[in-house]
Amino acid sequence: MPIAKLKPKTTVPREEIVIARQMHQALVLHFMEGLTQAQIAGRLGISQATVNRLIKRGRQLGLVEIKIKSPVEPLVDMEERLLALGGISRAIVVPTVSDNPQTALQAVGEAAARLLMEELDDGDTICITGGKGVSAVVAGMQPPRRFDVEVIPATGCVQGKHYTDVNHVSTLMADRLGGRSYQIHAPLFADDAEQRAMLINMRSVADVFKRAREAKVAVVGIGSILTDDSSYYDLHPSSSTDRVAIERSGASCELLAHLLDDQGRVCDYSLNRSLVSLTLAEFASIPMKIGVASGPNKAGPILSVLRGNHLDTLVTDEATGARILEIASKEGVSA
């Protein structure tokens, strides 16, 4: 009867255990503690050439995984979460570098200016609104060359504060870019719908709006309505005394001076019917629509504009983006 032979027990040679331990020590000291190969050699009592071989072999065996954390990783994640809300195809979020709202808006304006100049070609037309956001874009422009472009108002004009005057902002943008600006000679608000129709059909006004409708890119602000710092009340002298009617209309934001509700729909409000401006349907036909806004009071208005699918691109800052996502989350919108 044959006797079964037991296989000899295999053991790892002591030398290999020593090498594996040295390899682990060398990798930890080099990649986690930042020691040089010469320092590791002194610590372990081996040659620097041996340390080099141990580190190289450890990487070949896949014992080292290097992960580089990007300082903009949280911003990229926030951009993706804003895109997931819907209504836009691109989000650009800049770090909130200061609690000062003007400083934050300046950073947003500079980011929007860089984006705009990356997208521009000679011969393009840009249509714009007035407002603090678009003014910040103009202030942030540092063109690498002259652009043969036209800058066109998308709305009628409001005289008063420099940022409300779309003709003024249009002229500044064209000067910065090296292009040409068109002026609109009509107020933002007509007295009534009948006068609006008359103004819109005036040859000089109609020509400006025709050019605006044919623009390649639009740069617009997003206005808050129900906060004390809202610039909407700088646009029409009677609107500040009509806040009850504005609140009753369900308005939550302003886009091209149109009051919109929290779903981005045009409100039933009298001044909406007398606006001398591109309609939102006309605005929608512009291929690239960039919205610029910053500040905690702009979060709700931005969310309303996203829900109305009025923009392609949003440029904002991190604190505002976080507030948008917080409001959406509380309202049960997936982010």
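## Helices 12 and 13

In this predicted model, helix 12 brings A299, G300, I302 and L303 up against T320, R323, I324, I327 and A328 of helix 13. Sort those contact residues by class and you get 6 nonpolar, 2 polar and 1 charged.

So how are the two helices arranged? Helix 12 covers residues 299–307 and helix 13 covers residues 318–330; they pack at an angle of about 65°, and their axes are 9 Å apart. That angle makes helix 12 roughly perpendicular to helix 13, since anything from 65 to 115 degrees counts that way. As for handedness, helix 12 and helix 13 cross in a right-handed way.

## Helices 2 and 3

Now for a pair earlier in the chain. Helix 2 takes in residues 37–44 and helix 3 takes in residues 48–60, and their axes come within 8 Å, crossing at roughly 105°. With that crossing, helix 2 ends up roughly perpendicular to helix 3.

Which residues make the contact between helix 2 and helix 3? On the helix 2 side they are Q37, A38, I40 and A41, while helix 3 supplies Q48, V51, N52 and I55. In this contact of helix 2 with helix 3, 5 residues are nonpolar, 3 are polar and none is charged.

## Helices 6 and 7

Helix 6 (residues 132–139) and helix 7 (residues 166–177) cross at roughly 20°, with axes that come within 9 Å. Helix 6 and helix 7 are therefore roughly parallel to each other, because angles under 35 degrees are counted as roughly parallel. Their crossing is left-handed.

Here V134, S135, V138 and A139 are the helix 6 residues that meet V169, L172, M173 and R176 of helix 7. The class split for this contact of helix 6 with helix 7 is 6 nonpolar, 1 polar and 1 charged.

## Rings and charges

What about the aromatic side chains? How many aromatic pairs does the structure hold? The count is 0.

There's still a ring worth a look, though. Which ring does the charged end of R145 sit over? That ring belongs to F147, and the charged end of R145 lies 4.2 Å from its centre.

Conventions
Residues numbered from 1 in each chain as written. Predicted model: local features only at pLDDT ≥ 70, side-chain atom pairs only at ≥ 80, totals over all residues. Heavy atoms only, no water. Axes fitted to C-alpha atoms, helices over the stretch in contact; angles between N-to-C directions. Helix = DSSP H or I, 4+ residues; strand = E, 2+ residues; numbered from the N terminus. Parallel < 35°, antiparallel > 145°, perpendicular 65-115°, else oblique. Contact = heavy atoms within 4.5 Å. Nonpolar A, V, L, I, M, F, W, Y, C, P; charged D, E, K, R; others polar. Left-handed = near helix turned anticlockwise from the far one by under 90°. Phe/Tyr/Trp six-rings, centres within 6.5 Å; stacked < 30°, edge-to-face > 60°. Lys NZ or Arg CZ within 6 Å of the ring centre and 35° of its normal.
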